[in-house]
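This report goes through a single protein chain, from its overall surface to individual side-chain contacts. The sequence and coordinates are shown first.

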Amino acid sequence: MVARASELLRDRGIRTCLIDWTVRADFYGRLGYLPWRRYLMYRRSIEG
């Protein structure tokens, strides 16, 4: 579905598509997407 949607966007002349937060970078990379920003996850335990 993502591959087809990307084809439709490309065929309509769309050159940029933002896919924000994802843990599927490898999947999107196989479709030709490149990362433009990376996020880090932080955890903090709350003791009370």
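The protein chain exposes about 5,200 Å², and carbon and sulfur atoms supply 54% of that area. The model is a predicted one. Of the 48 residues in the protein chain, buried residues make up 4%. Taken along the principal axes, the box filled by the C-alpha atoms is roughly 55 × 15 × 15 Å. The secondary structure comes to two helices and zero strands.

**Charges and salt bridges**

The protein chain carries 10 positive and 5 negative charges, and the mean positions of the two sets are 3 Å apart. The count of salt bridges comes to two. They are listed here with their N to O distances.

| Salt bridge | Distance, N to O |
|---|---|
| R4 and E7 | 3.3 Å |
| R10 and D11 | 3.1 Å |

R4 and E7 both belong to helix α1, which covers residues 2–11. Three residues separate R4 from E7, about one turn of the helix. R4 has a relative accessible area of 46% and is therefore partly exposed. E7 is also partly exposed, because its relative accessibility is 32%. In the other pair, R10 counts as exposed because its relative accessibility is 53%. D11 is exposed as well, with a relative accessible area of 52%; the cut-off for this class is over 50%.

**Aromatic rings**

How many aromatic pairs does the count come to? The count comes to three. In one of them, the rings of Y28 and Y33 have centres 5.8 Å apart and planes at 90 degrees, so this pair is edge-to-face. The cut-off behind that label is an angle of over 60 degrees between the planes. Ring pairs link Y28 and Y33 with F27 into a cluster. Is Y28 buried or exposed? Y28 has a relative accessible area of 17% and is therefore buried, since buried means under 20%.

**Nonpolar surface**

W21, V23, Y39 and M41 make a nonpolar surface patch of about 490 Å². Within this patch, Y39 is placed in the segment after α2, the helix of residues 25–30. Y39 counts as partly exposed because its relative accessibility is 37%. That value meets the accessibility condition for patch residues, which is over 30%.

Technical notes
Residues are numbered from 1 along each chain as its sequence is written. This is a predicted model: local features need pLDDT of at least 70, side-chain atom pairs count only at pLDDT 80 or more; totals for chains, interfaces and linings use all residues. Side-chain values use heavy atoms; hydrogens and water are left out. Patches are made of residues with over 30% relative accessible area and no salt bridge: like charges are joined within 9 Å, nonpolar side chains (Val, Leu, Ile, Met, Phe, Trp, Tyr) within 5 Å. Accessible areas come from the Shrake-Rupley method with a 1.4 Å probe; for residues, only the protein chains shown count as cover. A salt bridge is a side-chain nitrogen of Lys or Arg within 4 Å of a carboxyl oxygen of Asp or Glu. Helices (H or I, at least four residues) and strands (E, at least two) are DSSP runs, numbered from the N terminus. Buried means under 20% relative accessible area, exposed over 50%, partly exposed in between (1.4 Å probe, protein chains only). Rings of Phe, Tyr and Trp (its six-membered ring) pair if their centres lie within 6.5 Å; planes under 30 degrees apart count as stacked, over 60 as edge-to-face and the rest as tilted. Lys and Arg count as positive and Asp and Glu as negative; His and the chain ends are not counted. The place of a charge is taken as NZ of Lys, CZ of Arg, CG of Asp or CD of Glu.
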